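This report describes one structure for a reader who has not met it before. Please look over the sequence and the model first.

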Amino acid sequence: MGADAWYTFLMNPEALSALGNLFGERLRTTLETRICYSFDATGKKFLPDAVIYPINAEEVRQTVLLANRHRFPVVPRGAGSGFSGGSLPVHGGVVLSTERMDRIVAIDTENLYAVVEPGVVTETLKVEAKKHGLFYPPDPASLKFSTIGGNIAECSGGMSAVKYGVTRDYVLGLEAVLGTGELLRTGVATAKGVVGYDLTRMIVGSEGTLGIVTRATLRLLPHPEAAVTLLAFFSGNGDAVGAVNAVVAARVTPSAMEIMDRTAIDCVQANAPMSLPEGTGSALLLEVDGTPDFAAREADRLEEACRACGALAVRRASDAVGRDDLWKLRRSISPALRRVAPVKLNEDIVVPRSRLADMFAFLRDLSGRKNVRIVNFGHAGDGNIHVNIMISGTDADETRRADEAVEEVFRKTVEMGGTISGEHGVGISKAPFFEMEVGPLGVAVMKRLKGCFDPNGILNPGKIFLEEAAVRG
Amino acid sequence: MRAKAIVKDADLKALTGLCAKCGTCRTVCTLYPERKAEIAVARGKIALVEAAMSGEDGDAEAVQEALTDCLLCGRCERACPNQVLVEEIVMKGRADLAEEIGIPAWKRVLFGKVMTSPSATEIARKAAAAGQRLLPGKIPTASGLHYRFPDGLGGEGRTVPKLPAKGFLESLGKGEAAAGEVMLFVGCVFDHVFPQVGRAAYETVKASGKSVAVFRDAACCGLPAMVSGDRRSAAECAEANVRRLRAAEPGSIVFPCGSCLLMFRRNVFSLLPKGTPSYDDAVFVADRATDYASFLLSSGVLDRIPDPPPGEKVGEIGYHDPCHLTGTLGKGPEAREVLSRAVGPAFAEMAGADLCCGYGGTFNVRDYPTSARIGENKVSVAARGGTRVISTACSGCVLQMRDMVARTDPSLRVVHIAELVHQALFRGDGSGLRR
Ligand SMILES: Cc1cc2nc3c(=O)[nH]c(=O)nc-3n(C[C@H](O)[C@H](O)[C@H](O)COP(=O)(O)OP(=O)(O)OC[C@H]3O[C@@H](n4cnc5c(N)ncnc54)[C@H](O)[C@@H]3O)c2cc1C
Ligand code: SF4
Ligand code: SF4
Ligand code: SF4
C-alpha cells in the first residue's frame, strides 16, 4: 500500500455522513481511532475509513444497507486477536466493532444453552455458565480476550478440542445480517434439528464474509466436577509424540494434549522461568476431567504412558492454582515468540495424528535446509501443530527462504492428508494456498455461495479468495 | 506525505517493538470497560506511539490526548506475556509530546513552580485550606468532614477532604526528628492533607526503638510532573530529593506512600542520566528505600502489640492493593502480614482487592466522572464482600477512596494501615505501648 493510501479516505463523504446520522458519536473517523483498528495479531496494518460501534442488530442491518447503497466494505471485528488478518480492512471501508454488543442474553439451565451477543468475551461466557454448573468447552488460548463472534467466524478451537470439539460443535443457531442487509435466523435451540441445509454451519468459519453474526445460541454441557493437569518433560519431540500415541492406544481421552518443543519452552523461560529437568527437549501438557475419582485414575494412566515413553519428569496438579501454574507455560508461548524474532509466520496446520512424528521430522529437516528458525507447539491430540517460522523481517533473502518454507509446509501437509489451517482461518495469510487444499471446484462452489449471501461483495472483501473483486467497481 | 515524527525517543522503538498486538492487555485494563474502544487499551496506545514515531500520525494533540487517557495502573504491563513496559512507553510518549507541543498551562505552573519548592506547597495548602471554608455543602463522614465540591466544575459530586490548619511536619517541634538512622519520607498528601497519617506513620516507626528523622526539605517526589510528561520538573524534584536524602545518611528510608516509593525505587532512574552524581545519589536512596509495611515487619514493632488485638468485628477490615506498591513493586503480602498482626481476625482479604481505585493522579482531575465510576465500583465491590474499613498504603488511593465512600456510603471508612497499627500499639487501655 502506498504511503498516501494510509491517510486518504476511500469512502465518499455522503456515506460517512449517513453513518454519522446513524451512529452519532459511535462513528469515529479520527486518524487515531482508525489506526487502533488497523491491525490484528498478525501485526499487519490496513487503515479503515471509519470505525463504528453498533449496539444492536438493527444498527448492523442499517449499516449493511448503507454499504450496499454507497458500495463500501464492512469488516466485522471482535477483539482483533485473529492470526490470519480476518478483521483487517484491506480495502478500507468501515470496521464494525462488536465490542459494545456484549450481553449474555440468557442462560437456559433447563435446556442447556446460552444466547449471547457476538461481542461477549469467550471467558466471560465460560465463567457465567460455570456459575450455573454448566460448561462452554471451546477454549482458544485467546479465550480471555477473543469474542464469541470472532470464535464463530473462525471456528476457533482450543486445547480441549481433542475431547470436546471446536466452536462449530457448540453453535446451535445464529442470527446474522447477510450482505444484502437481510436478517437471517438459522438453526435451533434444541439438541437436534435436521430441517434443510445447515446454514448455521455455513456461517461458522466463514470469516465474516457471508454474514455478520448478531446473536448466537450456544450449547452448554454439565461442568466436569474435577480436572487433573500433568506436565511431562521429554528429551525430544519424538518421545513426546510417542507418548501421545501411547495415550491414544491406552484409550484415554484427555481434555487437552499439548506439545511444545524446546525453542517454544525457552521463549517462555525468558519471561517466567520454571525449573526444567536436565536435558529437556520437549514437553507435553495433558489434562483429564470428570468426577474426581475418574480424573485421578485417568491421570495415573496418562502418567504411566508418559513414563513408559521416557518422560524425564511428570508434574501434576489438581487444584486450580497449581493447574494454572502448569498451564502458564503453554498459554504464554504464542505471544512470547516475539522475543525470538520480530516477525513470525504463524501457521496452524493439521495432519493425521499418526503422521505427527513424520511432520516433526520434516520440519526439523526443513529448518536446516532453508536456514530459518522454526518453533513448533500445538494441539498434539488433534494433530494440530503451530508452525512458527521466525524471521527478522528486514533481511530480504531470509524472508524469501521463509516464504518458500511456508509453501513447502503446506504442500507436505496436504500431501499427508491434512489441512493448512486447523483454527486460524484463511483470511489474507492463507488465501494464496487456499486452492491447493480445496481444489478449483471447491473454490468455485464457495464463490457461488458467497454470491448468494453477499451479492455485492460488501462483507469483508479481500479475504479467503485470492482474486476477490474489489468492492468498488 | 506528512512524515514528521512527533515522537522521537530512541528507546521507545525498542520498547514498542516487543508488542505482538495479541490483545492480552484488553483483559485487565482498568479503563477498557469504561471506554470499550481499542484506543483506551495499551495495544492501541502502542500502535499510536508507533504511528507517531514513523510520522504516520502527525496530530500531536490527538496522540497526546490518547496517551493521557490512561491511569498508569500498570495492570496491562503485568498481564503482558511479552513484558512490554507499557507505563514506560506511555510516560515517554507523553514526555516527547510535551516537548513537541508543551503541556497544559495549569500543569506547567503546578509542577514547575509549586511542587518543586517545599514552602510553596505549604503556602498553596494554606491558601486552599482558607479558601475551602467558602465551599458549600459540608457532608459528614466517619473520618471527619468532607466538603462537597460545587457541581459544574468538572467534578460533579466530588468531595474533598477538609484540609487541616496545620500540616504534620509543621506540628513537629523545630528540632524534633531532625536526625536519625531511619528517615521517614512522609509525602505531601500525608503531610498536608492527612497529617494524622503522617503522625501515625511517624509514631509507629519510632516505636521500633530506632532513632527516626523526618525528611523535612522534601520537594514533591515528582511523580505527578513525570506522568504528565514534564520530565524536567520531575527530574528537578528527584534530584533535589535524592541529594538531600543522601546527605542525611540514613540507614533506611521509609515510605508510607506507595507512589512516592515507586518514584525512588524505579522511576527516577529514567529521569537522571547514568554516570552523574545525581544518579549515584538515586542508587543510594533506592537501596535504602522501603515500604512502610516491610519496615514494620523487619523492625520488631509488631511484637509489641498487646494480645489480643483490639476488637473490630471479624473480617471487617480489608486491604486495597495500590497498583504501584503491590503490582509494580510486588509488595502485597507484607501489608497483609502487618494487618493480621495488628488487628487479628478483624482483617480479611477484601473482595476486589487488586482492582485499581481509579485515581491515576492527574487522570482524576482530567476525567473525574470516569475516575469516580471506577472508584465507586471498587468500593462497592469491597462493601458487598463485607468489608467496612478499607485500609491501604498509598496517598492517591486514600484520597480517591475517601471521596468514593463519601459519595456512596459514608459509613465505610478508608484508612492508612499506619492508622490501624497506631491504634493497636497505643490503645487507651494501658496495656499497649504508651508515649
Ligand atoms: C495469543 C493468541 C492465542 C490464540 N489462540 C488460538 C487458539 O488456541 N485457537 C484458535 O482457534 N485461535 C487462536 N487465536 C486466534 C484468534 O484468537 C481467534 O481466531 C479468535 O476467534 C478471534 O476472535 P476475535 O474476537 O479476536 O476476532 P477478530 O480477530 O476480531 O476477527 C476474526 C474474524 O472474525 C470475523 N468476525 C468477528 N466478529 C464477527 C461477527 N460478529 N460476525 C461475523 N464475523 C465476525 C472478522 O471479520 C474476522 O474475519 C489466538 C490468538 C492469539 C492472539
Ligand atoms: S499484552 Fe503486551 S504484547 Fe499483547 S498487545 Fe498488549 S502490550 Fe502488546
Ligand atoms: S496502565 Fe492501566 S489504564 Fe493504562 S492502558 Fe494499562 S491497564 Fe489500561
Ligand atoms: S506522589 Fe503524591 S503524595 Fe507522593 S510526594 Fe508526589 S504528590 Fe506527594
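## Ligand 2 and a helix pair

Ligand 2 has 13 residues around it, and those that come nearest are B:Cys19, B:Ala20, B:Cys22, B:Cys25 and B:Cys80 (a residue is near a molecule if one of its heavy atoms lies within 4 Å of it). The shell around ligand 2 consists of eight nonpolar, three polar and two charged residues. Here Ala, Val, Leu, Ile, Met, Phe, Trp, Tyr, Cys and Pro count as nonpolar, Asp, Glu, Lys and Arg as charged, and the others, Gly among them, as polar.

This is a predicted model, in which local features need pLDDT of at least 70 and side-chain atom pairs count only at pLDDT 80 or more, while totals for chains, interfaces and linings use all residues. Residues are numbered from 1 along each chain as its sequence is written, chains are lettered from A and ligands numbered from 1 in the order in which they are written, and side-chain values use heavy atoms, without hydrogens and water.

The model has an ipTM of 0.89 and a pTM of 0.89. For chain B the mean pLDDT is 86, with 84% of its residues at 70 or more; pLDDT is the predictor's confidence in each residue, from 0 to 100. Two stretches of chain B are listed below, with contact meaning heavy atoms within 4.5 Å.

| Stretch of chain B | pLDDT | Contacts in the model |
|---|---|---|
| Residues 133-145 | below 50 | 26 contacts beyond near neighbours in sequence |
| Residues 429-435 | under 50 | 11 contacts beyond four places in sequence |
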